[in-house]
Amino acid sequence: LGVFILALVLWATSQFTKLDATTVAFLGISILLATGVLIWDDVKSEKGAWDTLVWMGTLMGFAGFLSKLGFIKWATVQVGGYIPEGSWVIAFVVAVLVNTYAHYVFASLTAHISAMFVAFSAIAISAGAPPMLTLLMIAFTSNLCMSLTHYAAGPSPVIYNTGYVSQNTWWKLGFFTSIINLIIFMGLGSVWMKLIGMW
C-alpha cells in the first residue's frame, strides 16, 4: 500500500520532481524487491507484462524514430506525389486509407496522430477536398485503427495477453473490422455529412 501511494504521489507531482513514469515504476518495483514483498521469480513469471513491455516499448520507440528521422515527412511527400492534380476524391480516399493502415507501424495513437494527422489532412485539402469532411474523417480513422493489431493502443496488449484470441485471428478480425469501419464512416458517413450540409 505504501509503495502504491508513493507511486501515485510521484506520478501526480512529476512536473515538480521531474521523474518520468518509467523511473517511478522501476523505483516501486525496486522497493518491492528490496523489502521482499516480491521475489525475482514473481517478476519473471509475469509473461504478459513482459510481452506488453517488449511490444509497446519497441514499437513506440520505432514510431518515435520514424518521426524524428524524417521518414514520416518523406513518406507523406511520396504519397502526395502520386495523387493526380484536381482529383480531390482520390486525394481524400488515399489520405484516409494511408492514414488508417499506417497504424500497423505505430503502437501509440498519440504518436500516429502527431506524425500523420496534419500531413495527410493537408494533402487532401490542398487537392480540393472539403476541409470539414477531411478533418473529421482522418480524426475518426485515427482512432478506429485501434483494433488493427494487438499492439495498436494501450489496452490492446492487455486484452491480447488474456490469451483468448490468437495473434493471427486478431490481425484478421482487425483488418475485417477496419473495412467495415471505412464503409460506414468514409462511405455512408461522407454521404450523410453531405446531406446535412457539413460539406
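Let's start with exposure: a residue is buried under 20% relative accessible area, exposed over 50%, and partly exposed in between, using a 1.4 Å probe and protein chains only. By that yardstick Asp41 is partly exposed at 48%, and Lys44 is partly exposed too, at 45%.

Keep in mind that this is a predicted model, where local features need pLDDT of at least 70 and side-chain atom pairs count only at pLDDT 80 or more, while totals for chains, interfaces and linings use all residues. Residues are numbered from 1 along each chain as its sequence is written, and side-chain values use heavy atoms, leaving out hydrogens and water.

Now for how those two residues pair up. Lys44 and Asp41 form a salt bridge (a side-chain nitrogen of Lys or Arg within 4 Å of a carboxyl oxygen of Asp or Glu), with the closest N and O atoms 3.4 Å apart. A search of the whole structure finds one salt bridge. The partners sit three residues apart in helix 4 (residues 40–45), so about one helical turn separates them. Helices here are DSSP runs of H or I, at least four residues long, numbered from the N terminus.

Next, the helix packing. Helix 1 (residues 2–12) packs against helix 3 (residues 21–34) at about 165°, axes 10 Å apart, the axes being lines fitted to C-alpha atoms over the stretch in contact and the angles running from 0 to 180 degrees between N-to-C directions. That makes the pair roughly antiparallel, a label for angles over 145 degrees.

Notes: Helix = DSSP H or I, 4+ residues; strand = E, 2+ residues; numbered from the N terminus. Parallel < 35°, antiparallel > 145°, perpendicular 65-115°, else oblique.
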